[in-house]
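Hello,

Here is the structure I said I would pass on. My notes on the domains and on one helix pair follow it.

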Amino acid sequence: MKASKFTTSIIALAVTAAFSAHAADDRYIIKVDESKKGLVKALAKKLGGELKVDGKGFIAASFAGKDLSQVKGLLNNPHIQMIEEDQRRLPLSVYSDTAGNPATTQLTPYAVVQSQADQVNFNAGAGMKVCIIDSGLDRSNQDFIWNNITGTNDSGTGNWDENGGPHGTHVAGTIGAADNGFGVVGMAPGVDMHIVKVFNEAGWGYSSDLAYAANICSGAGANIISMSLGGGGANSTEENAFKAFTDSGGLVVAAAGNDGNNVRSFPAGYSSVMMVGANDNNNAIADFSQFPSCTSTTTTGKGKNRTTTTTTDETVCVEVTAGGVDTLSTYPAGMATSASMSADGVAYASSAMENSGSVTANTFYMGTAESTNSGANGNVCLIDRGVISFHDKVQNCQNSGGVGAVIINNEAGMLSATLGDTNATTIPAVGVALEDRAALLASNTVDIAIGASDYGFMSGTSMATPAVSGMAALVWSNHNGCTGTEIRDALKATAEDNGAAGHDDYFGHGIVKAKAANDYLTANGCGGGVTPPPVEGGDITADASGYKAKGKNKVDVTWSGAATSSVDIIRNGSLRTTTANDGAYTDSFRTSGSFTYKVCDQGTSNCSADITVNF
Ligand SMILES: [Ca+2]
Ligand SMILES: [Ca+2]
Ligand SMILES: [Ca+2]
């Protein structure tokens, strides 16, 4: 078999979420001697401050363009006790993981709740099987029903049940981690899986030919192929393999890519493959999630007969999204680093920043920890994010005699970060969510433990893809007379619109909702609703194809889905003609240029997407 372009271009689509330190706003709280507040207010005003709040013993003011150290420098006055950033208070995350220790408690990743997978029962007897083309599934993780899992060894990458890095094990947990009281729970808990290992940490092995892998999945009896990978360039051999899998009733799901641009990745870019983007736990798009355009351009003919046709096709862009930012899932045993933290005996979500270890000590609030402070000696430092690097904060805590550090986010959500490549600290350091700040500052003692774990976080469209693959298996298991394409259509029809109103390049149809899809199929059968789901721009689909004949420019406009007995043909924003709703109209003219067509229900603004033809 001819080696494909993927041989050198497959990239496992995971990223490590990176955050940089920055001040949240230009607003500061200035604590003052109450009797001298008027003097401080006057001083602040004189120095360019704008008074925001006049409180008892403090004022809040904004200093445009000034960071904390600059404001401290300006307001060097004996009547000022302290200056700190006025933190934004934002709504709590819409969805969050359950907190706790996965070694002893089963945690539910936020995406399971966000996508309603916890509201649908997986029918284990329906014969669903998901084929995962990735870096292998490591047998050391106990959170799988191993009797339901098979795989194919590859002489280039080795045994399928030995990890080639944690990526494939993480992906598999999102699809099918068992519902067993510990670890995590997958979208389709315990679903049959077939593992094809096409890459590992050392390289790409002898074969990363996805067409070959697709045939293995087919031979293994899989209904669904899940690929958390991609690269540039289409390849007809692979496209044909995935089309064949889809045409025979299967479903193929692949990642949009993590470069945060509008490049179309393959295999996700093939029409037969469902492209998945990533959202976070606040229903926002992940900043890394790629957003290729849904329009594609084809050119035919040469010279004077050259015509370019632009068509809108929602199968070449993101179709849906699911949670893929800080996704908790399975790792090869001990390969993840996890943190647990409690304050005064209450567990709080935390993320491991650096340095393993376990400490219990009294708390000491260290502000932004810009310098050492003897008060930290023997204590766990509670530190606000901002102004200086995470590493320097922890270093200042340690140099003050601190035994552990808790860095509190300054924006909504969990602080997930590391101390950087040149870490000189040794005390355990964790990040925590801004939402827990008040409770932590009020606490007396804190326990922190950082150590090796079988469960950990990854971010990427790689994490959103298995969420959708798993939910497809979950929904399909309750409607196993349907085809993969019908399941795909149901997931799209019932996805929750987010971002720009209606279908958009980032979310496609929106965030997958498993219960809504399941209910939709129950109500309407595999073929979907009698009334197609509402899609921005109406439900008319149209195409336009330009060519030359007898010296004239001709454009064949075709359409379907119009509701009125006649339709309006709109060209460059103006009514060209009103014609019978028979699905076809041929335009004819002599002028050259760019012509954009759309087809509308007569007299309405319910129209197809624009199609551009150039002469
Ligand atoms: Ca479990
Ligand atoms: Ca596609
Ligand atoms: Ca949208």
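Please keep in mind that this is a predicted model. The domain assignment splits the protein chain into four parts: domain 1 (6–14 + 96–328 + 460–522), domain 2 (27–85), domain 3 (336–453) and domain 4 (541–614). Domain 1 is thus written as three separate segments.

I looked at how domain 1 and domain 3 meet. Their centres, taken over C-alpha atoms, are 35 Å apart. Seven residues of domain 1 are in contact with seven residues of domain 3. On the domain 1 side, the residues that touch domain 3 divide by class into two nonpolar, three polar and two charged.

The helix pair is α5 (residues 167–176) and α10 (residues 461–476). The two axes come within 7 Å of each other and cross at roughly 35°. The crossing of α5 past α10 is right-handed. From α5, the contact uses H167, V171, T174, I175 and G176; from α10, it uses S462, M463, P466, A467, S469 and G470. Sorted by class, the residues in this contact are five nonpolar and six polar, with no charged residues.

There is also a record to set beside this. An unreviewed UniProt entry carries the annotation "domain: Peptidase S8/S53", covering residues 125–305 and 423–510. Over residues 423–510, the model has 35% helix and 19% strand. The C-alpha atoms at the two ends of that stretch lie 40 Å apart.

Regards

Conventions: Residues numbered from 1 in each chain as written. Chains lettered and ligands numbered in written order. Predicted model: local features only at pLDDT ≥ 70, side-chain atom pairs only at ≥ 80, totals over all residues. Domains from an automatic or database assignment. Contact = placed C-beta atoms within 7 Å. Nonpolar A, V, L, I, M, F, W, Y, C, P; charged D, E, K, R; others polar. Axes fitted to C-alpha atoms, helices over the stretch in contact; angles between N-to-C directions. Helix = DSSP H or I, 4+ residues; strand = E, 2+ residues; numbered from the N terminus. Left-handed = near helix turned anticlockwise from the far one by under 90°. UniProt positions renumbered as here; feature names shortened; annotations may be inferred.
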